[in-house]
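Reader: I'm in my first year and still learning to read these pictures. Could you pick one part, look at it closely, and show me how it sits in the rest?

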2 protein chains.
Amino acid sequence: EIRSILVKEGIETTVSALVFPTEPEEKVRHAIGNIFPDAKLHLIQQKGYVDRLEGKAGLDRLHELLREQKILDTARGAMYKGMKDDEISFELNKQAAYMGELNFLDHDVALGGIYVTIRYKDPMLITDWLAPETREGKPLEEIEL
Amino acid sequence: EIRSILVKEGIETTVSALVFPTEPEEKVRHAIGNIFPDAKLHLIQQKGYVDRLEGKAGLDRLHELLREQKILDTARGAMYKGMKDDEISFELNKQAAYMGELNFLDHDVALGGIYVTIRYKDPMLITDWLAPETREGKPLEEIEL
């Protein structure tokens, strides 16, 4: 139990999303909150008229949703694609998140999603925990952090 | 005067914009209303969670804004590009419109733009009226419809 807290303490996850003029801030907060309920978000005013909400967050709800919505393979693929050194980055569909749904965006064509960056010395461990390999949709092995 | 009304009556302009879950409908109405204050918009529920606001509108405010914001050349270019048979179509930046600014879009953006379609038997006449050729930013000739 303590080991798990220590490991989880070591993970640094940052989430952020743009806030456009036609979007009230609380709606974007709601979208992020559906996936990262414990996110500590603050608004960053940027040049021009598009602001950004950003903050640290935990991954437990994401871990649950990935299983509830059965998209472990998509998630694993997106995490692999976004893995570099000790960082994993991927993008979630902000509008789907507002509706409580998890949907991974293709980083290159994505427009205005929820940007997630997970920093940890062993990114494979995080990937195996969040989105383990599956057979017929079932995780081969569920690991505890 | 009557001729002008007759011609203007003959022009059919349709404006539309997507309404995403993180956007309250009245904010998208506000964005469109800044450019097309007389637009008669109705909400079209679509499959999935993105709706669409659409309706007929006049072009007088657009005619004014093009001059106030000195973007006649950009407008003329966009209208040429979008001219086909008796139709002119182009896209305006929805977020800029919300802020009262005219900005022609030539690429995809988050949350989509404002789609404008003008139907008239003589599209060149409409183009010359809305966005005449200029020299040093001044219209060479302002025509009345």
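Author: Let's start with the surface. Chain A exposes about 7700 Å², and carbon and sulfur atoms supply 51% of that (accessible areas use the Shrake-Rupley method with a 1.4 Å probe, and for residues only the protein chains shown count as cover). Before going on, a word on the model: it is predicted, local features need pLDDT of at least 70, side-chain atom pairs count only at pLDDT 80 or more, and totals for chains, interfaces and linings use all residues. Residues are numbered from 1 along each chain as its sequence is written, chains are lettered from A and ligands numbered from 1 in the order in which they are written, and side-chain values use heavy atoms, with hydrogens and water left out.

Stay with chain A for a moment. It has 6 helices and 9 strands (DSSP runs numbered from the N terminus: H or I of at least four residues for helices, E of at least two for strands). Its C-alpha atoms fill a box of roughly 45 × 30 × 25 Å along the principal axes. The radius of gyration is 15 Å, which agrees with the value near 15 Å for a compact globule of 145 residues (taken over C-alpha atoms; the rule is 2.2 Å times the number of residues to the power 0.38). Of those 145 residues, 48% count as buried (under 20% relative accessible area; exposed is over 50%, partly exposed in between, with a 1.4 Å probe and protein chains only).

Contacts come next (heavy atoms within 4.5 Å). Take the contacts in chain A between residues at least 6 apart in sequence: 66% of them join residues at least 24 apart. A:Val15, in strand 1 of chain A, gives you a feel for that. This valine is buried, at a relative accessible area of 0%. Its C-alpha atom is 5.7 Å from that of A:Glu54, although the two are 39 residues apart along the chain. Leaving aside neighbours within four places in sequence, A:Val15 is in contact with residues including A:Ile32, A:Phe36, A:Leu53 and A:Tyr115.

Now for the close-up: helix 3 of chain B, residues 60–68. Its buried residues are B:Leu62, B:His63, B:Leu65, B:Leu66 and B:Arg67. What do they lean on? The buried residues of this helix pack against helix 2 (25–35), helix 4 (72–81), strand 5 and helix 6 (123–130) of chain B.

Zoom in on B:Leu62, which counts as buried at 1% relative accessibility. Not counting residues up to four places away in sequence, B:Leu62 touches B:Ile35, B:Phe36, B:Phe90, B:Leu102 and B:Leu130. From B:Leu62 to B:Ala131 is 69 residues in sequence, but 9.9 Å in space, C-alpha to C-alpha.

Then look at B:His63 in the same helix. At 16% relative accessibility this histidine also counts as buried. With residues up to four places away left out, B:His63 touches B:Trp129, B:Leu130 and B:Glu142. B:Leu130 turns up in the contacts of B:Leu62 and of B:His63.

Follow the chain past the helix and you meet B:Lys70, with a positive phi near 50°. Why point that out? Most residues other than glycine have a negative phi. B:Asp85 has a positive phi too, about 50°, without being a glycine. That aspartate sits in the loop between strand 4 (83–84) and strand 5 (87–92) of chain B, and counts as exposed at 64% relative accessibility.

How does chain B meet chain A? In total, 18 residues of chain B are in contact with 16 residues of chain A. The area buried between the two chains is about 1500 Å², with carbon and sulfur atoms giving 70% (this is the accessible area, 1.4 Å probe, that two parts lose on being put together, summed over both). B:Thr22, B:Tyr49 and B:Gln95 supply 39% of what chain B buries against chain A, more than any other three residues. From the other side, find A:Phe20 in the loop between strand 1 (12–19) and helix 2 (25–35) of chain A. A:Phe20 is buried, with a relative accessible area of 11%. Beyond residues up to four places away in sequence, A:Phe20 touches A:Val50 and A:Lys94, plus B:Gln95, B:Ala110 and B:Leu111.
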